[in-house]
Amino acid sequence: MKRATIAIAGGNPEHLAPGTPVVSPLVQSVNFIQEAGTGEGLLYARTGGTESLKLLESRIAMLEGAEDAAILGSGMSAISCTMLTLLRPGDHIVSSAWIYGGAHKLFTEELRALNIDVTFVVPTEPENWSAAVKPNTRLLFIESPINPTSRVLDVAPIVEVAKKNGLVTVIDATFAGPINYRPIEAGIDVVIHSATKSLNGHHDVLAGVVCGTKDFVLEIKKKLGNWGFSADPFACWLLERGLKTLDVRVKRQNENAMKLAEWCLTRPEFSTVFYPGLPTHPDHEIAERTLEGFGGMLFLTMNGGGKAATKFTKRLRLAMNAASLGGVDTLVSEPRFMSHGYLTQEEREEMGIPDGSIRVSIGLEDIDDIISDFSQALTNLV
Ligand code: PLP
């Protein structure tokens, strides 16, 4: 099956009997009648095992090219649960310094409080990764494409460092999703997504996924039950529905984003226009070699700095100034207030996010309307 088909029908039984509902029924029950006198086959929403959850997990695993997948209550649950499964006090991780602000905060504030040491490295140079490895290092954490700059990493040399040192590689591939990028094929061990983003795609579900080997996902499932990272049945039902249109949504976003990026390049108000599909993007060659689509995320920096960026986002009429990404509606945000608001201005600058930066998540609107909206918002801006 191709991925467009998997997103709709992956994991379905081969023969669907007459009377089977075409749409999976929503079973909004957290518990199920149990055979008296036994704990066998206990079904409870926090500890998993319901048929609809199993179907969705296998569908996502197929999309990702992984042996198995687990669904959790949010993208941050997916990252936290992975860390709590793989790490113990006294361990050390090497993480890319260029990651989503929420993950940065988790590592800095929570992992360190658990006596888990973190070294952040500039991710583009493989020797930075190998130089940071210590005897107690357990894993390498990567995000690619990177939030919010849309920089793209070549993970192959990082995977090599991990293999040489017996480490696990974990990637947050939320920005691309499995239509545009399949990190497991590049040798990555664990793939994480905030399913809140393009997997669901409608800005109405909070969920996360972890994909990997059967044994690893089994450990994740034990931990997510213990720590209570589980997803709600209704969220899973909406995610199954959203997933069905993943392929068409992502392909439309790829097209829309390319057109908007090309238009932004012609505008003097932007000092930076980063989109992996543009030949001017610093990682264009890596993106061409490793991605199947360039995605729906753009990174812009305005010549007028933070003031101009705020004025521009305020003036937009169609694109909305809101957190999150990957949905049907076009969103803009200033990372200094949202995804990377917890970092200092200096720390953001080191990540390539000066004040005046704007992250754009392209939706499915007619791109001419988005371009008109951007154009009217830029008119007489300063
Ligand atoms: N990873 C990335 C790259 C993100 O952009 C986000 C949220 O913006 C997350 C993880 C966290 O996901 P969630 O909001 O579903 O917890």
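**A buried serine and its surroundings in a predicted model**

Ser 74 is buried, because its relative accessible area is 14%, under the 20% limit used for that term. The model described here is a predicted one. Ser 74 sits in the loop that leads from strand S1 (68-72) to helix H3 (75-86). Once neighbours within four places in sequence are set aside, the residues in contact with Ser 74 are Leu 206, Ala 207 and Gly 208.

It helps to step back to the whole chain. The chain holds 14 helices and 12 strands. Its radius of gyration is 21 Å, close to the 21 Å that the globule rule gives for 382 residues, so the chain is as compact as a globular protein of that length. Measured out along the principal axes, the C-alpha trace spans about 75 × 55 × 35 Å. Of the 382 residues, 55% count as buried. Among contacts with a separation of 6 or more, 73% are between residues 24 or more positions apart.

The surface comes next. About 16,600 Å² of the chain is exposed, and carbon and sulfur atoms supply 55% of that area. The chain carries 35 positive and 45 negative charges, and the mean positions of these two sets are 3 Å apart.

Turning to the interior, nonpolar side chains in soluble globular proteins tend to be buried together. In this model, the largest nonpolar core has 57 residues, and Ile 60 and Ile 71 are those with the most contacts inside it. Leaving out residues up to four places away in sequence, Ile 60 touches Ala 69, Ile 71, Val 209, Cys 211, Leu 239 and Leu 243. Another core, of 29 residues, lies apart from this one, and its members include Trp 263, Ala 308, Ile 370 and Leu 381.

Several loops also deserve a visit. Tyr 100 is found in the loop between strand S2 (92-96) and helix H4 (101-113). With a relative accessibility of 31%, Tyr 100 counts as partly exposed. Although Tyr 100 and Ser 339 are 239 residues apart along the chain, their C-alpha atoms are separated by 6.4 Å. Beyond its neighbours within four places in sequence, Tyr 100 is in contact with Met 76, Glu 143, Asn 147, Ser 339 and His 340.

One of those partners, Asn 147, leads to the backbone. Most peptide bonds are trans, and most residues other than glycine have a negative phi. A cis peptide bond joins Asn 147 to Pro 148, with omega about 5°. Ser 144 and Pro 145 are likewise joined by a cis peptide bond, with omega about -10°. Pro 145 belongs to the loop between strand S4 (137-143) and helix H6 (156-165), and Pro 148 is also placed in the loop between S4 and H6.

Positive phi values appear in residues other than glycine as well. For His 203, phi is near 55°, and this residue lies in the loop between strand S6 (190-194) and strand S7 (208-212). His 203 counts as partly exposed, at 30% relative accessibility. For Ser 324, phi is near 75°, and the residue is located in the loop between strand S10 (320-321) and strand S11 (331-333). Ser 324 has a relative accessibility of 21% and therefore counts as partly exposed.

Conventions: Residues are numbered from 1 along each chain as its sequence is written. This is a predicted model: local features need pLDDT of at least 70, side-chain atom pairs count only at pLDDT 80 or more; totals for chains, interfaces and linings use all residues. Side-chain values use heavy atoms; hydrogens and water are left out. Helices (H or I, at least four residues) and strands (E, at least two) are DSSP runs, numbered from the N terminus. Buried means under 20% relative accessible area, exposed over 50%, partly exposed in between (1.4 Å probe, protein chains only). Contact means heavy atoms within 4.5 Å. The radius of gyration is taken over C-alpha atoms; the globule rule is 2.2 Å times the number of residues to the power 0.38. Accessible areas come from the Shrake-Rupley method with a 1.4 Å probe; for residues, only the protein chains shown count as cover. Lys and Arg count as positive and Asp and Glu as negative; His and the chain ends are not counted. The place of a charge is taken as NZ of Lys, CZ of Arg, CG of Asp or CD of Glu. A nonpolar core is a set of buried Ala, Val, Leu, Ile, Met, Phe, Trp, Tyr and Cys residues joined through side-chain atoms within 4.5 Å.
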